[in-house]
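Thank you all for coming; please have the sequence and the model open in front of you, and follow along as I go through a few helices and some charged pairs.

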Amino acid sequence: MYEKLTDLNVLHEAYMQCKKGVEWKESVQRYGMNELINIAELSERLKSRTYRQKPFYEFDINERGKRRHIKSLHISDRVLQRALCDNILAPLTRKYLIYDNGASVKGKGIEFTRKRLQAHLEKFYRRYGRNGYVLQIDFSKYFDNIDHKELLRMFGKLIDDADVMRLFTELIETFGDKGVGIGSQISQIIGIYYPTEIDNFCKIVKGCKYYGRYMDDTYVIHQSKEFLRGLLVEIERLCEKLGIIINRKKTQIIKLTQGFIFLKIRYAYGKRGRIIKIPCRKSITRERRKLRKFRSLVLTGRMKPEEVRDQYKSWRGNIIRYNAYKSVRTTDALYKTLFRGIKWNAVTLRLA
């Protein structure tokens, strides 16, 4: 395994993947100007066991009113982590993941998870009708609470190479005594795999057919409310062992006839079991605020109308797939009102 990491072709492919979408960054361009020399040096440091990760670039971002602390890596360290994750960690962990774990897995993603939830609701309706419940579980500060001792125990069972395990341990220790930072690929792999014991317990031991997880968001659909209450108690015990804290405010058991929200979409049964999917009101409101902000940016020349059009087409193409016809129509009307008559000129921006 470790020899694979030192291969120049593997490191070159890792660099090619790392620079996608960020080629405009100065650090990436500087690294790319001497790519062969840089990956050769990285290979030699790995062979001599002298590789040490550079300090993180740390900063905070506000994501929809929620502050997140980001630990970003230097491009040279991202190349190493890409090679490690793509060639060793991802193949080792993927075969142990349940099918309904959809976050950051190749060929899956948020749309995969939404489709699986719809499939589970349809299958449940055919067997039990609308008389059932859904248990929704949310982990509080998930990445911050991952226990390093438990994490190393898990991956120690998977990694059958002392040098790879040593390197993995060193990378984990860079995050401090507890938790893993948001912003590196190794954190994504860990986030996907860490609650696998909970997934297997629910799917295999308890026989929950209608179960799915997207990183720290989980749902379980069952016809018995008492069963879900008992299941939650058992999941809490497993979480305590793993150091995961359950968010009490967002963890709840909801009757299916009332509808529920998962991954920003509200799900409800319609007539004859049809699944109605309505986007969260907040996502519609957020897009309308964006459009008003974009208008002021266009008028001051800081943004082109074509950029607004492309962004809006992307948002609209996603939202139109759900039951939001009226919301899309009213947002279309707002877009036309805000940007009707605006033309872009290379020198100035003027109203027609």
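**Two helices and several salt bridges**

Let me begin with helix α4, residues 35-47, where a simple check is possible: at 1.5 Å a residue, its 13 residues should span 18 Å, and the end C-alpha atoms are indeed 18 Å apart, so expectation and model agree. I should say at once that this is a predicted model.

Within α4, the residues Glu35, Asn38, Ile39, Leu42, Ser43 and Leu46 are buried. They cover an arc of only 135° around the axis, and therefore they sit on the same side of α4. As for what that side meets, the buried residues of α4 pack against α1 (2-5), α2 (8-18), α3 (26-33), α5 (75-94) and α8 (162-173). Just after α4 comes Arg49, which takes a positive phi of about 60°, and Arg49 also belongs to a network of salt bridges that links it with Arg52, Asp163, Arg166 and Glu170.

Now, does the helix α14, residues 325-339, agree with or depart from the span expected of it? Its 15 residues should span 21 Å at 1.5 Å a residue, and its end C-alpha atoms are 21 Å apart, which agrees. The buried residues here are Ser327, Val328, Thr331, Asp332, Leu334, Tyr335, Leu338 and Phe339. Seen down the axis of α14, these buried residues fall within an arc of 165°, so they line one face of the helix, while the face turned away from them carries the exposed residues Tyr325, Lys326, Lys336 and Thr337.

Let me turn to the salt bridges, of which a search of the whole structure finds 20. In one of them, the side chains of Glu111 and Arg114 meet at 3.0 Å, N to O; because these residues are three apart in helix α6 (residues 110-128), they are separated by about one helical turn. Glu111 is partly exposed, with a relative accessible area of 21%, whereas Arg114, at 10%, is buried.

In helix α7 (residues 148-158), Arg153 and Glu150 are likewise three residues apart, about one turn, and they form a salt bridge whose closest N and O atoms are 2.3 Å apart.

Which parts of the chain does the pair of Lys241 and Glu197 link? These two side chains meet in a salt bridge of 3.1 Å, N to O, and the pair links distant parts of the chain, with Lys241 in helix α11 (residues 225-242) and Glu197 in helix α10 (residues 196-205), 44 residues apart.

Key
Residues are numbered from 1 along each chain as its sequence is written. This is a predicted model: local features need pLDDT of at least 70, side-chain atom pairs count only at pLDDT 80 or more; totals for chains, interfaces and linings use all residues. Side-chain values use heavy atoms; hydrogens and water are left out. Helices (H or I, at least four residues) and strands (E, at least two) are DSSP runs, numbered from the N terminus. The expected span of a helix is 1.5 Å times one less than its number of residues. Buried means under 20% relative accessible area, exposed over 50%, partly exposed in between (1.4 Å probe, protein chains only). The arc is that of the directions from the helix axis to the C-beta atoms. Contact means heavy atoms within 4.5 Å. A salt bridge is a side-chain nitrogen of Lys or Arg within 4 Å of a carboxyl oxygen of Asp or Glu.
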